[in-house]
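Open the model in your viewer and keep the selection tool at hand. We will go stop by stop.

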Amino acid sequence: MYLDTASSEPLHPAAREVLLASLEHGYADPRRLHGPARTARLLLDNAREATAEALGVRRDEVSFTSSGTDAVHRGLLGLTRPGQVVAHSAVEHSAVLHALAWRPDLTARSAPVDRLGRVEVGALAGADVVALQAANHEVGTVQPVAAAAELGAPVFVDACAAMGRLPLPEGWTTAAGSAHKWGGPAGVGVLLVRAGAGRARWRSPFPADDRVDERVGGFENVAGALAAAAALQAVVAERDETTARQRALVDLVRERVARIPDTEVVGDADDRLPHLVTFSFLYVDGEAIVDALNRRGFEVASGSACTASTLEPSHVLAAMGALTHGNVRLSLTRDADEAQVRALCEVLPEVVAELRAEVGGL
């Protein structure tokens, strides 16, 4: 049972069908004038139109990048100017933090969050630019983007964890999404730049390219963009039913996990992503839980480290005052059912008890 869709969702059937068809016809350079190029340009325009319709934005506000990370970097840094102050929540994705660290001419200011992981909006005031995620990628808590926008500064929204699963929040100036998070192919990001004032404030932070879309660089992944758009349309069309089912399943997990002694369920119980839940166990290593569950056929993630190479505790959990070790992040596929979830809930107490016994016996 795959339970790590917050990292990457399996390819949606709608995306698979479109991807195979468009690989045959979308290979040419969309900026050329010959027949195959015109076909590729038509496919790319169709992808932009379908994405805009699914997200409720204008077609000319949509660009396709090489990844969600690329969209984050372009969307955020394109709003900034040397010497400016950028305020961000303490639980932003590392892509945001790395982008700001890459620009020593900017002053990054971290705003604290509460125990649920929600930013204190007042701490964002006075900045030239605000960076605030739509919903947290580790614990699922939805952020008050509209309230942050009322402060008056342009707002970059990292919507990678939420795009397709929740409507876009009000108040964004630029926004980023990642196709493989909603069941599109990997290697496709979505950059949104608001028309009007947003367009006037944004400029590419990277060297210019002579592409049709001046907001991105390099050769467009035409087939990938069209498949991503097809998956996004399908996910949005199914959203009400999928959200209701996933929320009920996550509520079940939250209730059952909370029965395990010395356990903390992290994040907002209500105002959250519908498919994701994180919980922390005292006296247990998160990676050990992941490994033990994997041997039993359940693939989950651990929030106890941002990357395996650094072995540093999660800055998200630390900012929330939650346990930074013994963490498990569970995120459901669109077709997960109650029987599968109950099977996990039966196994999890046994796994935790066994691992705690091993530690106690050392």
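## Where two domains meet

This is a predicted model. Start at the boundary: 26 residues of domain 1 are in contact with 25 residues of domain 2. To see the two parts, colour residues 13–234 as domain 1 and residues 239–360 as domain 2, following the domain assignment. Now place a marker at the centre of each domain, using C-alpha atoms. The two centres are 28 Å apart.

Next, show the surface. How much area do domain 1 and domain 2 bury between them? The figure is about 2100 Å². Carbon and sulfur atoms carry 52% of that area.

Select Arg115, Glu138 and Arg165. Together they supply 33% of the area that domain 1 buries against domain 2. No other three residues supply more.

Stay on Arg115 and add Glu264. Their side chains form a salt bridge, with N and O 2.8 Å apart. Across the interface of domain 1 and domain 2, three salt bridges are found. Now colour the side of domain 1 that touches domain 2 by residue type. You get 13 nonpolar, seven polar and six charged residues.

Turn on polar contacts. Between domain 1 and domain 2, 13 residue pairs are in polar contact, counting pairs with both residues at pLDDT 80 or more.

Last stop: the cysteines. Select Cys160 first. Is Cys160 buried or exposed? Its relative accessible area is 11%, under the 20% cut-off, so Cys160 is buried. Then select Cys345. Its value is 6%, also under 20%, so Cys345 is buried. A disulfide is a covalent bond between the sulfur atoms of two cysteines. How many disulfides does the structure hold? Zero.

How values were computed. Residues numbered from 1 in each chain as written. Predicted model: local features only at pLDDT ≥ 70, side-chain atom pairs only at ≥ 80, totals over all residues. Heavy atoms only, no water. Disulfide = S-S within 2.5 Å. Buried < 20%, exposed > 50% of the residue type's maximum accessible area, 1.4 Å probe, protein only. Domains from an automatic or database assignment. Contact = heavy atoms within 4.5 Å. Buried area = accessible area lost by both parts, 1.4 Å probe. Salt bridge = Lys/Arg side-chain N within 4 Å of Asp/Glu carboxyl O. Polar contact = N/O pair within 3.5 Å; in protein donor to acceptor, adjacent residues only side chain to side chain. Nonpolar A, V, L, I, M, F, W, Y, C, P; charged D, E, K, R; others polar.
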